[in-house]
Every structure is written in C-alpha cells, then in structure tokens.
Amino acid sequence: MQLIQLGLNGPQVPAVGVGCWAWGDRLFWDYGQTYGKDDLQAAFKASVAQGLTFFDTAEVYGIGASERLLGEFIAASGAEVVVASKCFPLPWRISARQLKGALRHSLQRLGLPHIQLYQMHWPLPPVRIESWMDAMADADEAGLIKQVGVSNYSPQQTERAHKALQSRGLHLASNQVRYSLLDRGPERSGLLALCKDLGITVIAYSPLAQGVLSGKYSPQNPPPRKRGFGADRLRRLQPLLDEMRRIGIAHGNKTPAQVALNWCIIKGTLPIPGAKNEQQAKENAGALGWNLGEGEVTRSEEIAANSS
C-alpha cells in the first residue's frame with residue numbers, strides 16, 4: 001500500500017482517499033435516483049477492504065447526510081478509518097466562535113469523539129482567516145480535532161493560515177483544492193510548490209474532473225449538464241482520453257480513471273475520488289501499486305493542455 005503522511009506530524013494514510021461529496025447529495029449528484037444508501041455502504045466496505053481508509057466529508061455535503069452516512073457505516077463495520085470533515089463559513093456564521101458548535105454537530109452526525117482533520121471549507125469573509133485558525137486551535141486544545149486543514153485557499157491565504165497556526169504551536173496539515181489533469185491551477189499559482197516547502201499536504205478533490213477523466217463519457221453520451229462538460233468540450237478531450245487508454249494498457253490494462261489518479265499521486269498530492277458503488281471503490285484502489293513513467297506524465301500533460 002502506497003502511503004502519504006498527512007501534514008508534518010499526522011498519520012500515514014493511503015495515497016488515494018475517498019471523497020464523500022456525493023454521499024446523500026440530491027442536488028448535484030442525484031442521490032436516491034441513480035444510487036442509494038446500499039450502494040454507498042458497498043462502496044465503503046469495498047474501499048476499506050482495498051485498504052482505502054481515508055474518508056473526506058463535510059457538513060454541507062447532502063446538508064449533513066454525508067456525515068451521517070459515513071458515521072453509520074463506520075459504526076456498523078467497526079473499521080479503523082481516518083476521517084476528515086469541513087466547516088462551512090457562510091451564510092449563517094459571522095463569528096469564529098460559531099466554529100465550535102459546527103464541529104460538535106459534525107461529531108454528533110459522525111458518531112465520533114474527535115475528527116482527525118478538520119478543515120475550513122472556504123476562505124470567505126467577513127471572518128478573518130486568523131480568527132478561524134484561532135478557533136481551530138481552540139478545538140485542538142479541547143481534544144475535538146487532531147489536525148487543522150483548509151480548503152480552496154490561495155497561496156497567500158495558505159501562508160496566513162500557516163502563520164496563524166504557528167503562533168499557537170500548530171502546523172497547517174493540508175489544503176484541499178480542485179486538481180486534476182484538466183485543473184492545474186494550483187501549479188500555475190505556485191500553491192503546490194508552497195505547500196511542499198511548508199510540509200502541507202495538498203488534497204486533490206475532483207481528480208477525475210467529476211467523472212470526465214474516467215472515460216465513461218463521450219460527445220454522444222455527455223455527463224449531466226450541471227457538470228459543465230458539453231459535447232464540444234468532450235470532443236476536444238478525446239485525444240487525451242485515447243492517450244490515457246494507451247497508457248493504461250501499457251501498465252496492465254489500467255483504466256483512464258486509474259491513470260488520472262496515478263498522475264495526481266505522481267504530482268505529490270492526495271487524490272480523493274468519489275465512490276458511489278462497489279465497482280468505483282475497487283477501481284479507485286487500482287491507482288495504487290504502480291507509477292506512470294516520466295514520458296507518460298509529460299505527454300499526458302501536453303495533450304491535456306491542448307485539449308482545453
């Protein structure tokens with residue numbers, strides 16, 4: 001099992017995690033229509049069986065349903081897993097003092113005494129980053145969380161959070177951002193380099209570009225319109241998907257999704273693909289145990305750049 005350390009002083013976790021954004025979400029992911037609770041429980045069991053024990057959720061995913069489902073599955077299985085969740089700063093929270101209440105509600109839904117990694121979901125005003133980090137440090141001192149993370153923070157915002165936590169004797173463990181072969185903004189902004197220098201783990205969400213890099217969609221069979229990939233864009237992406245299929249065959253019939261996830265691992269990030277059923281969970285695990293070659297990485301990036 002390939003492992004990655006969560007921050008400078010956190011646990012070793014599998015180099016592929018499980019994103020729980022779709023768990024219980026009816027608005028974006030159509031929970032209850034194309035998949036349900038039984039499918040998600042099968043995905044949880046298969047993930048754990050394959051060694052994928054890092055689960056990322058948030059209080060806003062499914063308006064609390066994701067945390068409740070994850071908590072139920074953990075309790076029913078007795079599995080030892082590492083849980084990350086997030087606090088959403090708006091629209092109802094205008095004071096950092098409200099973080100503790102949000103955290104306690106997340107703990108209740110999860111059925112856990114503490115959360116390993118608690119993240120601020122967005123750097124939204126009016127509360128200053130420093131105030132949120134101070135509240136996070138208080139939660140750490142109270143034993144309610146073990147590590148502090150952020151999500152969707154720019155390089156400058158990440159530095160501010162890092163500095164604020166250092167003043168309390170803590171280390172910023174992670175920054176969770178959108179990152180994939182089609183979303184390389186964290187490289188261009190300097191965020192990846194900054195996080196590497198500071199010992200901050202970059203958690204890559206949407207590493208499959210909401211399923212587009214799985215190869216299951218085509219111009220004739222596009223994903224739901226709300227995901228932002230129409231027929232024209234899918235046509236431009238076909239050369240990239242064809243290359244990913246060729247690479248996959250060369251590595252023992254790996255799928256495009258596994259190639260996309262392995263690329264994220266090669267770049268030093270912790271990808272957290274979603275898993276809505278047992279098959280997807282097993283496919284995610286297949287991204288581990290092998291590595292793309294340098295030439296394959298370069299060629300994929302060149303084609304991806306020309307496909308956007």
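Select Gly268 to begin: this residue sits just after helix H9 and takes a positive phi of about 90 degrees. The model is a predicted one, and the tour moves from here back along H9.

**H9 and its cover**

Select residues 256-266, which make up H9. This helix is mostly covered, with 10 of its 11 residues buried. The buried ones are Pro256, Ala257, Gln258, Val259, Ala260, Leu261, Asn262, Trp263, Cys264 and Ile265. To see what covers them, show H6, H8, strand S10 (270-271), helix H10 (278-285) and helix H11 (294-307), which are included in the cover.

**H8 against H9**

Add residues 231-250, helix H8. The axes of H8 and H9 come within 8 Å and cross at roughly 90 degrees. Because angles of 65 to 115 degrees count as roughly perpendicular, H8 is roughly perpendicular to H9. On the H8 side, pick Met244, Arg245, Ile247 and Gly248; on the H9 side, pick Pro256, Val259 and Ala260. By class, this contact has five nonpolar residues, one polar and one charged.

**Ser180**

Next, select Ser180, in the loop between strand S8 (172-178) and helix H6 (185-188). Is Ser180 buried or exposed? Ser180 is buried, with a relative accessible area of 0%. Leaving out residues up to four places away in sequence, Ser180 touches Ser206, Pro207, Ala209, Leu213, Trp263 and Cys264. Trp263 and Cys264 are among the buried residues of H9.

**The nonpolar cores**

Now select Trp23, Leu99, Tyr118, Met133, Leu213 and Leu240. These have the most contacts inside the largest nonpolar core, which has 87 residues. Which helix gives the most to this core? H9 does, with seven residues. Zoom in on Leu240: apart from residues up to four places away in sequence, Leu240 touches Leu181, Leu182, Leu213, Ser300, Ile303, Ala304 and Ser307. A second core, separate from the one above, has 12 residues, including Val13, Val82, Leu117 and Ala173.

**Ser106 and Gly149**

Go to Ser106 in helix H3 (residues 99-110). Ser106 is buried, at a relative accessible area of 0%. With neighbours within four places in sequence set aside, Ser106 is in contact with Glu59, Glu67, Ser85, Ile115 and Tyr118.

Tyr118 also leads to the following stop, since Gly149 touches Tyr118. Gly149 lies in strand S7 (residues 145-151) and is buried, with a relative accessible area of 0%. Besides Tyr118, Gly149 touches Leu117, Gln119, Met120, Met136, Leu172 and Ser174, not counting residues up to four places away in sequence. For a sense of span, draw a line between the C-alpha atoms of Gly149 and Tyr217: these residues are 68 apart in sequence and 33 Å apart in space.

**Aromatic pairs**

Finish with the aromatic rings. How many aromatic pairs does the structure hold? It holds 10. For one pair, select Tyr31 and Tyr35. Their ring centres are 5.5 Å apart and their planes are at 65 degrees, so the pair is edge-to-face. Both Tyr31 and Tyr35 are buried. The last selection is Trp21, Phe28, Trp29 and Tyr61, which form one aromatic cluster.

Conventions
Residues numbered from 1 in each chain as written. Predicted model: local features only at pLDDT ≥ 70, side-chain atom pairs only at ≥ 80, totals over all residues. Heavy atoms only, no water. Axes fitted to C-alpha atoms, helices over the stretch in contact; angles between N-to-C directions. Helix = DSSP H or I, 4+ residues; strand = E, 2+ residues; numbered from the N terminus. Parallel < 35°, antiparallel > 145°, perpendicular 65-115°, else oblique. Contact = heavy atoms within 4.5 Å. Nonpolar A, V, L, I, M, F, W, Y, C, P; charged D, E, K, R; others polar. Buried < 20%, exposed > 50% of the residue type's maximum accessible area, 1.4 Å probe, protein only. Core = buried A, V, L, I, M, F, W, Y, C linked by side-chain atoms within 4.5 Å. Phe/Tyr/Trp six-rings, centres within 6.5 Å; stacked < 30°, edge-to-face > 60°.
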